[in-house]
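Biologist: I am new to this structure and would like to learn how to read its features; could we look at it together?

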Amino acid sequence: TQSIVIALDGPSGSGKSSTSRGVATRLGLRYLDTGAMFRAMTWWMLEHDVDVHDAEAVAAAANRPQIVSGTDPSAPTITVDGTDVAEAIRGTEVTGAVSPVSAVPEVRARLLELQRAVIGEGGIVVEGRDIGSVVWPQAELKLYLTADAGARAARRALEEGGSDVAATEASLLARDKIDSSRTTAPLTVPEGAVHLDTTPFTLDEVIEKVVALAEAAE
Ligand code: C5P
């Protein structure tokens, strides 16, 4: 188990984060939330008044922020230039700006390098949109998690402390559309991935399924 890489991709609100953290904890693996890295990059752009819809301006700044991700599944941390941004990156400002920033090839190239450095020797669960397709296609186990849009929105609204479900669903679908249609590393079902629709299952059931697959993958 110690060198296994588990790649967990899927759209927003499919249960990736809770599943990844649960699986990493169960198997004693590290955990990397690549979405948090794109959010941290976006936070930096907003902080420095970079127009997130100006792809050239975003590209020119992509190498400037120093982003450091912790890999403990029980206490994920992320800093930008030494500032703890774990909470700030979950706000609506960052959420509304992250997809255009993530579509910029220079942003992806920069974070790809950081992500591969963290994965290193393995022993990690990595969640994102392009892990099994681009970041680590050689992962021992690849999963693609989905859920009905209504179920995803209900979960995300609950996480956000009771946001409006219809508005949350609209925001999720808008991000999915940009993430799936971008030219560089779009959200896609990676070759060889197990496709798991989590709609009918509880979180614990999904974690059990992934743990069983990981044990079989060794
Ligand atoms: O997973 P999360 O919702 O935090 O991801 C935020 C955004 O980061 C996604 O909507 C997507 O635009 C981007 N992302 C990405 N590639 C990844 C992970 C996240 O483009 N591997």
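Modeller: Five strands (E runs of at least two residues in DSSP, numbered from the N terminus) form an open sheet with parallel pairing in the order β2-β6-β1-β7-β8, where two strands pair if DSSP finds at least two bridges between them. This is a predicted model, in which local features need pLDDT of at least 70 and side-chain atom pairs count only at pLDDT 80 or more, while totals for chains, interfaces and linings use all residues. Residues are numbered from 1 along each chain as its sequence is written.

Biologist: Which are the edge strands?

Modeller: An edge strand pairs on one side only, and here that describes β2 (30-33) and β8 (194-197). From one strand to the next, the twist averages 20°, with axes fitted as lines to C-alpha atoms, for helices over the stretch in contact, and angles running from 0 to 180 degrees between N-to-C directions.

Biologist: What does helix α5 touch on the sheet?

Modeller: Contact is judged from C-beta atoms, placed from the backbone, that lie within 7 Å. Helix α5 (residues 105-119) packs on the sheet by touching β1, β2 and β6 (124-128), and its direction makes about 170° with that of β2. Helices are H or I runs of at least four residues, and another of them, α9 (residues 203-217), lies across β1, β7 and β8 at about 160° to β7.

Biologist: How many bridges join β1 and β7?

Modeller: Strand β1 (residues 5-9) and strand β7 (residues 141-146) pair in the parallel sense over four bridges, and alanine 7 has lysine 142 in β7 as its bridge partner.

Terms used:
Contact = placed C-beta atoms within 7 Å.
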